[in-house]
Amino acid sequence: MKITVISDIHDNIWNLQKALSMPELQATEAMLFCGDLCSPFVIHLLGSAYSNPIHMVLGNNDGDVAAIIGNSKKYPNIHIHGEYFRGDLGGRSLAMNHYPEKARAIAENGGFEIVCYGHNHTVVNDEMVGDTLLINPGAVMGYHGGKLMDVPATYLVLDTDLLKAKVRQI
């Protein structure tokens, strides 16, 4: 199974629209979103442009959670899981949250084959922690607020059969 992994849109609808128009992204069977949509209207872009299941966790900049949840109810393919997602996709056990420290702790404790996170807007992280693939897809936003600099806008395509993630630049 191929899964899109994205994070940290931060209302950058231009980069999001570019990503959603990419044939490789559209060919995936599910999407994992690691938090920080920011504005509730971004749900409409995701829900109308991607028809397969979207599993989402909330980030620290998702301010109007009630409106985000309300908007998501218009799209049966969008599933908001709160701060954590735990599940099975493509025959693999996975966990997802927004924060790198929490994701690393989950990976170090074992029990999941894949752990995804976002938050720090770094260039993609793809590493094995014991038997767990720990991945950060980078940021759709394409900016690192802490360092006040542009970074590549990226997402990942995760192949659960091969347990490999490939970075895609927007």
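Here a trainee and a mentor talk through the labels given to residues and pairs in this predicted model.

Trainee: Let's start with Asp-8. Where does Asp-8 lie?

Mentor: Asp-8 is in the loop that runs between β1 (2–6) and α1 (13–20).

Trainee: How do you know that Asp-8 has no salt bridge?

Mentor: The nearest side chain of opposite charge is Lys-102, and that is 14 Å away. A salt bridge needs a nitrogen and a carboxyl oxygen within 4 Å, so the pair of Asp-8 and Lys-102 fails at 14 Å. Asp-8 is buried all the same.

Trainee: What makes the pairs of Asp-8 with His-10 and with His-121 polar contacts?

Mentor: The side chains of Asp-8 and His-10 come to 3.3 Å, and those of Asp-8 and His-121 to 3.2 Å. The cut-off is 3.5 Å, with a donor and an acceptor in the pair, so both values pass. Histidine is not counted as positive here, which means neither pair enters the salt bridge search.

Trainee: Which residues farther along the chain is Asp-8 in contact with?

Mentor: Once neighbours within four places are left aside, the list includes Phe-33, Asp-36, His-98, His-119, His-121 and Met-141.

Trainee: On to the cysteines. How do you know that Cys-34 is in no disulfide?

Mentor: The count for the structure is zero disulfides. For Cys-34, the nearest cysteine sulfur belongs to Cys-116, at 5.2 Å. The rule asks for sulfurs within 2.5 Å, so 5.2 Å doesn't make it.

Trainee: And what rules out a bond for Cys-38?

Mentor: Its closest cysteine sulfur, in Cys-34, is 14 Å off, which is too far for a bond.

Trainee: Why are Cys-34 and Cys-38 called buried?

Mentor: Buried means under 20% relative accessible area. Cys-34 has 0% and Cys-38 has 15%, so each qualifies.

Trainee: What about Ile-54, why is that one called buried?

Mentor: Its relative accessible area is 0%, so Ile-54 sits under the 20% limit. Ile-54 belongs to strand β3 (residues 54–56). Beyond four places in sequence, Ile-54 touches Met-31, Leu-46, Asn-77, Ile-78 and His-79.

Trainee: Leu-46 is in helix α3. Which residues of α3 are buried, and what covers them?

Mentor: In α3 (residues 42–49) the buried ones are Val-42, Ile-43, Leu-45, Leu-46 and Gly-47. The cover includes β1, α1, β2 (30–33), β3, α4 (65–72) and β4 (78–80).

Trainee: What makes β8 and β9 a pair of strands?

Mentor: DSSP has to find at least two bridges. Strand β8 (residues 125–129) and strand β9 (residues 132–136) run antiparallel and are joined by five, so they count as paired. One of the bridges matches Val-129 with Thr-132 in β9. The two strands form a hairpin with two residues between them, and Gly-130 in that turn has a positive phi of about 65°.

Trainee: Back to charges. How many salt bridges does the search of the whole structure find?

Mentor: Four.

Trainee: Why is the pair of Glu-24 and Arg-168 called a salt bridge?

Mentor: Their N to O distance is 2.3 Å, and the limit is 4 Å, so the pair is in. The partners come from distant parts of the chain, 144 residues apart: Glu-24 in helix α2 (residues 23–26) and Arg-168 in strand β13 (residues 164–169).

Trainee: What makes Glu-24 and Arg-168 partly exposed?

Mentor: Partly exposed lies between the 20% and 50% limits. Glu-24 is at 32% and Arg-168 at 23%, so both land in that range.

Trainee: How do you know that Lys-102 and Glu-83 form a salt bridge?

Mentor: The closest N and O atoms are 2.5 Å apart, so they pass the 4 Å test. Lys-102, at 35% relative accessibility, is partly exposed, and so is Glu-83 at 36%.

Trainee: And what makes Glu-127 and Arg-104 a salt bridge?

Mentor: The value there is 2.6 Å, N to O, so it passes as well. Glu-127 is in strand β8 and Arg-104 in helix α5, so the bridge ties together parts 23 residues apart in sequence.

Notes: Residues are numbered from 1 along each chain as its sequence is written. This is a predicted model: local features need pLDDT of at least 70, side-chain atom pairs count only at pLDDT 80 or more; totals for chains, interfaces and linings use all residues. Side-chain values use heavy atoms; hydrogens and water are left out. Helices (H or I, at least four residues) and strands (E, at least two) are DSSP runs, numbered from the N terminus. Buried means under 20% relative accessible area, exposed over 50%, partly exposed in between (1.4 Å probe, protein chains only). Contact means heavy atoms within 4.5 Å.
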